Amino acid sequence: RSASALDATILTGNLPAINGSALTNIDGGTWKLIQTQDASSSSTVSFTTGFSSTYDVYRFIVHGVVMGTDDAALGIAASGDGGSNYNVQAYCGISNFSTTSGQSWGTDTGQPNAAGAINIAYYGSNVAASDGLNTITTVYNPVPDTETMAIIATAQRSSQNKFINESGVIRWNQDELNAFQWSASTGNIASGTFKLYGLVKT
């Protein structure tokens, strides 16, 4: 039948309810906010939940960080026991560009096979600024895998009030990681927002 021939009563009234539990894969391939934490003179900022088979990629978006101690570095550590110990060994390499030669080191070989926090952003400032220290750290397949890779991109106004851009990679040598912790190399993290997102599996 043509649309003009349809009985008008067929096109009126309420649609039947849809059972939401029957819908699947509607979030596949999208980023979901898992947790947000705000640092306030914090010795560490830890994420111990949200790591599961629901996601295969995670992203930390950290912004507006002010260090408690000038020139302190921001570091990240991984745990395989839910946060009881942050001592998973890792390799890393960080390179940088700076607008001052005093804070430029080209390529840092990282901390080969270091256990504990890996410094990913150096020369953090203890002076509050509109830009502060900002980083995006993307972690691939931590649950489960034979090793976990992370890609880092950081931009900040440094302790000498200069712009620094840092990028690098971390490889953790453990079959499953289920907690991560941020910390300062000295002192604490005075302020800043830390967000954890997960990429829903398709």
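**Group meeting: a walk through an all-strand model**

Let's start with one pair: the side chains of Ser46 and Gln181 are joined by a polar contact of 2.9 Å. By polar contact I mean a pair of N or O atoms within 3.5 Å; within protein, one must be able to donate a hydrogen and the other to accept it, and residues adjacent in sequence count only if both atoms are side-chain atoms.

Some ground rules. This is a predicted model, where local features need pLDDT of at least 70 and side-chain atom pairs count only at pLDDT 80 or more, while totals for chains, interfaces and linings use all residues. Residues are numbered from 1 along each chain as its sequence is written, and side-chain values use heavy atoms, with hydrogens and water left out.

Okay, the overall picture. The protein chain has zero helices and 13 strands. Those names come from DSSP runs, numbered from the N terminus: helices are H or I with at least four residues, strands are E with at least two. Of the 202 residues in the chain, 38% are buried. Buried means under 20% relative accessible area, exposed means over 50%, and partly exposed is in between, using a 1.4 Å probe and protein chains only. As for contacts between residues at least 6 apart in sequence, 74% of them join residues at least 24 apart. A contact here means heavy atoms within 4.5 Å.

Back to Ser46. It sits in strand S2, residues 44-47. Is Ser46 buried or exposed? Neither, really: its relative accessibility is 23%, so Ser46 counts as partly exposed. If we skip neighbours within four places in sequence, Ser46 is in contact with Gln37, Tyr86, Phe180 and Gln181.

So what does strand S2 belong to? An open sheet of four strands, in the order S2-S12-S4-S8, with antiparallel pairing. Two strands pair if DSSP finds at least two bridges between them. S2 and S8 (118-124) are the edge strands, each pairing on one side only.

Now look at S4, residues 72-79, which runs antiparallel to S12, residues 179-184, with six bridges joining them. Along that pairing, Leu74 stands opposite Ala184, and Ser79 has Ala179 as its bridge partner. S4 also pairs with S8, again antiparallel, over four bridges; there, Ala72 is partnered with Gly124. How many residues of S4 are buried? Eight of its eight. Both faces are covered, with Ala72, Leu74, Ile76 and Ala78 on one side and Ala73, Gly75, Ala77 and Ser79 on the other.

Next, the nonpolar core, meaning a set of buried Ala, Val, Leu, Ile, Met, Phe, Trp, Tyr and Cys residues joined through side-chain atoms within 4.5 Å. The largest one has 36 residues, and those with the most contacts inside it are Phe60, Ile170, Trp172, Phe180, Trp182 and Phe194. Strand S3, residues 55-67, gives the most to this core, with six residues. You've met Phe180 already, as a contact of Ser46. Beyond four places away in sequence, Phe180 also touches others, including Phe60, Ile76, Ala77, Tyr86 and Trp172.

Last stop: Thr154, in strand S10, residues 148-157. With 2% relative accessibility, Thr154 counts as buried. Its side chain makes a polar contact of 2.9 Å with the side chain of Thr135. Leaving out residues up to four places away, Thr154 touches several others, among them Ile120, Leu133, Ile164 and Glu166.

That's the tour, so have a look around the model yourselves.
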